[in-house]
Amino acid sequence: MSISRNLSNIRQRIQAAAEAAGRDPSSVRLVAVSKTRPAADIIEAFHVGQTVFGENYIQELTDKLEQVQEAVEWHVIGHLQSNKVKYIAGRVALIHSVDRLSLAEEISRQWGKLGKICPVLIQVNISGETTKSGTTEEGALQLVKDCALLPNISVWGLMTMPPFFDDPEAARPCFAELRRLSLAIEAVGIPGVEMRELSMGMSGDFEAAIQEGATLVRVGTAIFGER
Ligand SMILES: *Cc1c(COP(=O)(O)O)cnc(C)c1O
């Protein structure tokens, strides 16, 4: 298993999927999901041109913030407890997993102490599966509106995680639905809200997600191997 070889393979597949969909390949960014992988793997990937890394667990992320001195862009992609927000304030570039107002309020409060703005995505549970986190489709617009009123948060778009891992065709309707929802929210024209990002697609289904409009794909296993 070679991280370098895997990364160039994934980059080629991203480019091909974007071109096949008539999209500019540079409109799709690869988030390398490095949860449970050692800092050395992140540094190795960084040295072959990977700059954006996604982490799920806050303790693990804060350890890696110390271990990795390279100019990495960190994203939080997993379920986030409000009482952990203070440990990452000002230290991550994007939080993909805002699914409730109380969490958004805490993010705004912690970033506000630093005089900074935190870009966030609203995580939507498109499939309606009860075990997945994320706001409901019906609740997404209101959550975006409420977040738009918070002083130190900026909503940049939506994220989803379908339950159908590794079955791209099963996941595709969820991706298409997230895009429709994003366009519908954009059409409302909420001041301060820019629906520019769609975070969707993982190792088993990122090409389908790109065909349906993903701007951020979150790929772990296909880069770093099985966890
Ligand atoms: C682990 C994880 C991924 C990456 O999944 P792979 O199947 O390993 O590519 C993507 N998004 C989220 C939210 C994750 O927790």
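Glu-60 is buried in this predicted model, with a relative accessible area of 18%. That value falls under the 20% cut-off, so Glu-60 counts as buried. Glu-60 belongs to helix H3, which runs over residues 58-67. A polar atom of the Glu-60 side chain lies 2.6 Å from the backbone nitrogen of Thr-36. Setting aside neighbours within four places in sequence, Glu-60 is in contact with Ser-34, Lys-35, Thr-36, Arg-37 and Glu-55.

Thr-36 is worth a look from its own side too. Thr-36 sits in the loop between strand E1 (29-33) and helix H2 (39-46). Although Thr-36 is not a glycine, its phi is positive, at about 70 degrees. With a relative accessibility of 48%, Thr-36 counts as partly exposed, whereas Glu-60, whose side chain reaches its backbone nitrogen, is buried.

Next comes helix H1. Helix H1 covers residues 3-20, and its 18 residues should span 26 Å at 1.5 Å a residue; the end C-alpha atoms are 25 Å apart, which agrees. The buried residues of H1 are Ile-3, Asn-6, Leu-7, Ile-10, Ile-14, Ala-17 and Ala-18. Viewed down the axis of H1, these buried residues fall within an arc of 100 degrees, so they line one face of the helix. The face turned away from that buried side carries the exposed residues Arg-5, Gln-12 and Ala-20. As for what sits on top of the buried residues of H1, the cover includes E1, H2, helix H7 (206-211), strand E8 (216-219) and helix H8 (221-224). Just after H1, Gly-22 takes a positive phi of about 70 degrees.

Helix H5 can be read in much the same terms. H5 spans residues 137-148, has 12 residues and reaches 17 Å from its first C-alpha to its last, close to the 16 Å expected at 1.5 Å a residue. Within H5, Ala-140, Leu-143, Val-144 and Cys-147 are buried. Those four cover an arc of only 105 degrees around the axis, which puts them on the same side of H5. The cover over the buried residues of H5 includes strand E4, helix H4 (101-113), strand E5 (118-123), strand E6 (153-159) and helix H6 (168-188).

Two of the elements covering H5, E4 and H4, also meet through a pair of residues. Ser-97 is located in strand E4 (residues 94-98), and Leu-103 in helix H4. Ser-97 is buried, its relative accessible area being 1%, and Leu-103 is buried as well, at 0% relative accessibility. A polar atom of the Ser-97 side chain lies 2.6 Å from the backbone oxygen of Gly-78. Beyond its neighbours within four places in sequence, Ser-97 is in contact with Val-76, Ile-77, Gly-78, Leu-103, Leu-121 and Gln-123. On the same basis, Leu-103 is in contact with Leu-80, Ser-82, Val-85, Ser-97 and Val-98. Pro-25 is another matter: 78 residues separate Leu-103 and Pro-25 along the chain, and their C-alpha atoms are separated by 33 Å.

Helix H6, also part of the cover over H5, contains Pro-168. Pro-168 is partly exposed, with a relative accessible area of 26%. Not counting residues up to four places away in sequence, Pro-168 touches Gly-204, Asp-205 and Ala-208. The C-alpha atoms of Pro-168 and Met-202 are separated by 9.4 Å, with the two residues 34 apart along the chain.

Finally, the aromatic rings. Searching the whole structure turns up one aromatic pair. The partners are Phe-53 and Trp-74, whose ring centres are 6.3 Å apart and whose planes stand at 50 degrees, so the pair is tilted. The pair links distant parts of the chain, with Phe-53 in strand E2 (residues 52-55) and Trp-74 in strand E3 (residues 73-76), 21 residues apart. Phe-53 and Trp-74 are both buried. A separate ring, that of Trp-156, has the charged end of Arg-196 sitting over it, 3.8 Å from its centre.

Notes: Residues numbered from 1 in each chain as written. Predicted model: local features only at pLDDT ≥ 70, side-chain atom pairs only at ≥ 80, totals over all residues. Heavy atoms only, no water. Buried < 20%, exposed > 50% of the residue type's maximum accessible area, 1.4 Å probe, protein only. Polar contact = N/O pair within 3.5 Å; in protein donor to acceptor, adjacent residues only side chain to side chain. Contact = heavy atoms within 4.5 Å. Expected span 1.5 Å × (residues − 1). Arc of directions from axis to C-beta. Phe/Tyr/Trp six-rings, centres within 6.5 Å; stacked < 30°, edge-to-face > 60°. Lys NZ or Arg CZ within 6 Å of the ring centre and 35° of its normal.
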